[in-house]
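Let's take a walk through this one together, ring by ring and strand by strand. Have the sequence and the 3D view open while you read.

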Amino acid sequence: MRELLAEAVTAGQVDGLHAAVVVRGGQTLLEHYGTGVDFSWEHSLGPVGFGPTTLHDLRSVSKSVTCLLYGIALGDGLVPAPAEPLLGGFPEYPDLAADPDRARLTVEHALTMSLGLEWREDIPYDSPANGEIAMELAPDRYRFVLERPVVGPPGESWVYCGGATALLGKLIADGAGQPLPAYGRKKLFAPIGVEQFQWMEGDDGVASPSSGLRLSPRSLARIGELVLANGAWGGRQIVPASWINDMLQPRLPTTWNAEYGYHWYLETFAGHRMALAMGNGGQRVMVLPDLDLVVAVTAGNYDDPEQWRTPVAVMEQVVLPGLAAS
C-alpha cells in the first residue's frame, strides 16, 4: 500500500495530501505524513511537516463529531430527542416559538439539515453573504439561525447548514452545563485515548460545533473506528449503539449522489457501503463496514472546487488496490 501511495504522489493524483491513516480490523495498514500549508480557519500556519500527533484543521468533519456528542448527551438524558420541538431548547425566543411555521421544527430537522429556512453556504467563506460567516458576525448566532426566512416545509429538502450544527452544539452545552470541548473531552475524546485536540472559538468565546475542531490524523482515524464498532471502545459503550444506527440511516438525498443521515453522509463507493464525514480542503473520515475499514485523510486543498479528488484518489489508487493485493 505504501508503494501505491508513492506512485500516486509521483503521478500527481493526491496533490495537497497532508496525511492518511488506514486501519482495518484494528490494525494500522498505512500511515503517511507529508508537508504542506495548513490553516487555523482563515489564518495560515505556513508550511507544516505533519506527523502522528500534529493537529490539523478538520473544518466540517467537526459537524459529524458534534453529532456523536449529541448521541452521547441523549444517552445521558441531557438533550431533547430528535422528535422533540427544536425551539423547546431555546426558551429565550418565545416570539419565534409563537410562529407556527417555526414551532413545528424538531431537533431531527437540525440533525438532517432540513430546517426549511433560508441558508446559503455555496457562497465563498470569505463573504458575509455566506450563512455561516453571517452567523458568526451576528450579535446572537442562535437567533440568527432560527429567525431566517421560512422557504419551505421542514424535513423535505436537505440544505447544507452550519447553523443547524450550531443549534445542536448549544443544546449539548446547555444540557451538560459545560462548554462543548469540556464535555467532548470527558465523554468522547479521553475514553478513546485522544489526549490532544483543539476546538476553536468564535469572537463570542463559544467553540464552533460546525467547523472548529482540530485533531491529529490518528485521532481522526479513532473517530472512524468508534463508528465502525457501533460506538464501543475498549469494552465500553462510548456512544449508544442505537444512536450510531439512527445516525447512519439514510434520510434525505444531498445535492449529489449521496444520502444524508444525522450529520453523516452515506454513499456506495466501489460497491461498498460507506459512512463519511468530510470537511473543506479534503478532510475525510471514511468508514466501510463490510471491509472492516477506516480511512482518515487530511489535506490542504481548502476552497478548491476539485478538493474531493485527493481523498477519492487515496481510496481508488491506494487503499482498495492495496487490500486486493494483500
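Start with Trp 256, which is partly exposed, with a relative accessible area of 35%. Keep in mind as you look around that this is a predicted model. Trp 256 has an aromatic partner, Tyr 265, and the two rings sit 5.3 Å apart, centre to centre, with 35 degrees between their planes. That angle makes the pair tilted, because the label covers whatever is neither under 30 degrees (stacked) nor over 60 (edge-to-face). Tyr 265 itself is buried, with a relative accessible area of 5%.

Now turn to the other ring beside Tyr 265. Tyr 260 and Tyr 265 have their ring centres 5.0 Å apart and their planes at 65 degrees, so this pair is edge-to-face. Both Tyr 260 and Tyr 265 are buried. Zoom out a little and you'll find that Trp 256, Tyr 260 and Tyr 265 belong to one aromatic cluster together with Trp 158 and Tyr 160. Over the whole model, the count comes to 14 aromatic pairs.

Some rings have a charge for company instead. Which ring does the charged end of Arg 148 sit over? It's the ring of Phe 144, with a distance of 3.8 Å from the ring centre. Lys 170 does something along those lines with Tyr 142, lying over its face at 5.4 Å from the ring centre.

Next, the nonpolar core. The largest one has 99 residues, and those touching the most other members are Leu 86, Phe 90, Leu 188, Phe 189, Met 247, Trp 264 and Val 295. Helix H2, residues 61–75, gives the most to this core, with 8 residues. If you'd like one spot to click on, try Leu 86: leaving aside residues up to four places away in sequence, Leu 86 touches Leu 105, Thr 106, Val 107, Ala 110, Leu 115, Leu 146, Leu 167 and Leu 171.

Finally, have a look at the strands. An open sheet is formed by 3 strands in the order E5-E7-E6, with antiparallel pairing. Why do E5 (56–57) and E6 (198–199) each have one side without a neighbour in the sheet? Because they stand at the edges, each with a single partner strand. Strand E7, residues 213–215, runs antiparallel to E6 and is joined to it by 2 bridges. To find that pairing on screen, look for Gln 198, which stands opposite Arg 214 in E7.

How values were computed
Residues are numbered from 1 along each chain as its sequence is written. This is a predicted model: local features need pLDDT of at least 70, side-chain atom pairs count only at pLDDT 80 or more; totals for chains, interfaces and linings use all residues. Side-chain values use heavy atoms; hydrogens and water are left out. Two strands pair if DSSP finds at least two bridges between them. Helices (H or I, at least four residues) and strands (E, at least two) are DSSP runs, numbered from the N terminus. Rings of Phe, Tyr and Trp (its six-membered ring) pair if their centres lie within 6.5 Å; planes under 30 degrees apart count as stacked, over 60 as edge-to-face and the rest as tilted. Buried means under 20% relative accessible area, exposed over 50%, partly exposed in between (1.4 Å probe, protein chains only). A charge sits over a ring if NZ of Lys or CZ of Arg is within 6 Å of the ring centre and within 35 degrees of the ring normal. A nonpolar core is a set of buried Ala, Val, Leu, Ile, Met, Phe, Trp, Tyr and Cys residues joined through side-chain atoms within 4.5 Å. Contact means heavy atoms within 4.5 Å.
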